[in-house]
Amino acid sequence: MAETELPVVGFHPYLWGDPAHHSGLPPAIHAALSGLGVTAPSRPAVPPDAVPLPPVALSEQARAALATEVGAEHVDSGHDARLAHTRGWSTPDLLRLRAGDAADAPDAVVFPGSHDEVVAVLRVCAEHRIAVVPYSGGTSVVGGLAPARAGFAGVVTLDLRRLDALVEVDPVSRTAVLQAGLRGPQAERLLREQGFTLGHFPQSYEGASIGGYAAARSAGQSSAGYGRFDEMVVGLVLATPRGTVELGTAPKSAAGPDLRQLVLGSEGVLGVITSVRVRVRPVPGERVFEGWRFPSFEAGAAALRRLAQDGPLPTVLRLSDELETAVNLADPAAALGSGPGGCLAITGYEGDPAEVAARRAAATEVLLAAGGTPLGAGPGESWRAGRFRAPYLRDPILAAGGLVETLETAAFWSGLHRLRAAVTEALTTELTGRGTPPVVLCHISHVYETGASLYFTVVCAQAADPLAQWAAAKTAANLAIRSCGAAITHHHGVGTDHRAAYAEEIGPLAVEALNAVKQVLDPAGILNPGVLLPPAGG
Ligand SMILES: Cc1cc2nc3c(=O)[nH]c(=O)nc-3n(C[C@H](O)[C@H](O)[C@H](O)COP(=O)(O)OP(=O)(O)OC[C@H]3O[C@@H](n4cnc5c(N)ncnc54)[C@H](O)[C@@H]3O)c2cc1C
């Protein structure tokens, strides 16, 4: 299905995406789960309307003040709105909701309709000491939507879905101004009507939004060709409790540090990004996706490195390890060892037809010289068709009694294989020691001249306490990542889950500097307390 045809759907609290795409588990995955010792389904999920919520803590005065700014109909303390905005989409988030735990539910969800309304809401919240969770698509997988409550008179989620306009297109400069609440498919549809594409397709495309892409420095599956989201942003507008910051008036500047980069990745702790000016590209006239087989992960990685360092670079470039190639989550119908073995690489080329033909021919020579075997368009097109489908498998796997979660990191090329081995070993040892031996799948998801990101998928049987089970596995993986000197996250962000590791990665002086900036922009400390940085006094 084309990216623009994906519907924008209201999200169920714990069922991903479009209900029409939920079709249960393919038999091959069932068989694989049995092989991992999954014998009985997990306890049935508590139905959403039966999940108890904590009492609303917001005072009547605060609620009235919020209603004055955005209209009473845009302040919702109802069960459905609060539940749908409880935490994000990590597996622990889903396990808690399935078990009926919504202790982190906000007291109200506020839907501002303009930048000025966002500033006004932040001022009201600062005055009433209410913590604020900026919320774009709500697909955070790192605890970025569950701030600390202690010391606050309530928690309000600021849902930006009403900020959903394509404000402006400059076809000469090839830039567009997009509001923060535009979901991926909405933004892409509006841009294509003007002949442009953003080219940003994370796996969470159906749910994530422009503001979240910027706030959490997202990377899409076509990042080799279109760049990461932080590379696309040329300007942005930030609402803070103290007013507005507007950055980026020219393509490049030598005036002081680039403060756009301070806001990108700030995960809602410095302010609320209400719009961004992004670089856009013409809708590609040609798209070609292909598969390649390499005898080993090392051989495939060497080929990807050649392309990343010496070119030419395809638009999509990724490499699955042996196990992931055999399991093939993008196409479960073909799962489990039915493939030809080795490691599957996907190459995709988008652009002007003549340019695509030349780039593809040159890249093909490099891949052949590096020992790759061309598999033709079949695997490439099947990856493209299935690239947003894997998240739909998570709920049925959890219901069947399995545990599935992902994590990602990045390292320089020279340390990539050591990193893969260390993380795989850490996860395998920890989970096997708990009596639930896992399969650990890995792929190179994004490439750069100097290195690449590794994306791991872990599947095993659920233990009696799956939250403790995953917490231990994740701690072991984080330790392995840190011991290799790799990045604690490549594109999922910090949230609360990676806060301690991030602080170690940048050091105490840098944490203090970030806190000082926060103190200036958000003196009452209401914005996402405990996300990215330790909560005040914590
Ligand atoms: C199934 C699945 C697949 C995923 N695949 C990818 C992938 O391929 N690539 C990738 O990069 N990520 C991926 N993610 C992670 C997630 O989608 C990204 O981090 C995405 O950028 C979040 O966007 P969002 O709009 O949902 O943000 P949200 O979840 O709403 O917010 C993310 C963080 O930013 C803050 N925030 C939100 N909006 C604003 C704003 N306007 N201003 C300031 N702060 C704000 C929030 O408080 C939160 O801390 C995936 C997640 C899931 C569940």
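Select A303, R306 and L307 in helix α11 and A363, V366 and L367 in helix α13: these residues meet, where contact means heavy atoms within 4.5 Å. This is a predicted model, in which local features need pLDDT of at least 70, side-chain atom pairs count only at pLDDT 80 or more, and totals for chains, interfaces and linings use all residues. Residues are numbered from 1 along each chain as its sequence is written, and side-chain values use heavy atoms, with hydrogens and water left out.

Now show the two helices whole, α11 as residues 297–310 and α13 as residues 353–369. Helices (H or I, at least four residues) and strands (E, at least two) are DSSP runs, numbered from the N terminus. The axes of α11 and α13 come within 9 Å and cross at roughly 145 degrees. Axes are lines fitted to C-alpha atoms, for helices over the stretch in contact, and angles run from 0 to 180 degrees between N-to-C directions. The crossing is right-handed; a crossing is left-handed if the near helix is turned anticlockwise from the far one by less than a right angle, and right-handed if clockwise. The contact residues divide into five nonpolar, no polar and one charged. Ala, Val, Leu, Ile, Met, Phe, Trp, Tyr, Cys and Pro count as nonpolar, Asp, Glu, Lys and Arg as charged, and the others, Gly among them, as polar.

Next, go to P312, in the loop between α11 and β13 (316–320). The peptide bond from G311 to P312 is cis, with omega near -5 degrees. Then select R87, in the loop between α3 and α4. R87 is not a glycine, yet has a positive phi of about 60 degrees. Most residues other than glycine have a negative phi, and most peptide bonds are trans.

Stay with that loop and add W89, which lies between α3 (79–84) and α4 (91–98), and W16, in the segment before α1 (27–35). The two tryptophans are 73 residues apart in the chain. Their ring centres are 5.1 Å apart and their planes stand at 85 degrees, so the pair is edge-to-face. The structure holds five aromatic pairs. Rings of Phe, Tyr and Trp (its six-membered ring) pair if their centres lie within 6.5 Å; planes under 30 degrees apart count as stacked, over 60 as edge-to-face and the rest as tilted.

Turn to the open sheet, whose five strands run in the order β5-β6-β10-β8-β9 with antiparallel pairing. Two strands pair if DSSP finds at least two bridges between them. At the edges are β5 (166–170) and β9 (243–247), each paired on one side only. The twist from one strand to the next averages 10 degrees. Strand β8 (residues 233–240) pairs with β9 over five bridges, and L238 stands opposite V245 in β9. Add helix α5 (residues 115–128), which lies across β8, β9 and β10 (272–279) at about 40 degrees to β8.

Move on to helix α16 (residues 416–433) and helix α17 (residues 466–483), which pack at about 155 degrees with axes 8 Å apart. They are therefore roughly antiparallel; angles under 35 degrees count as roughly parallel, over 145 as roughly antiparallel, 65 to 115 as roughly perpendicular and the rest as oblique. Their contact has 13 nonpolar, two polar and two charged residues.

Finish at helix α18 (residues 499–506) and helix α19 (residues 508–521), packed at about 110 degrees with axes 6 Å apart, which makes α18 roughly perpendicular to α19. Select Y502, A503 and I506 of α18 with A510, V511 and L514 of α19 to show the contact.
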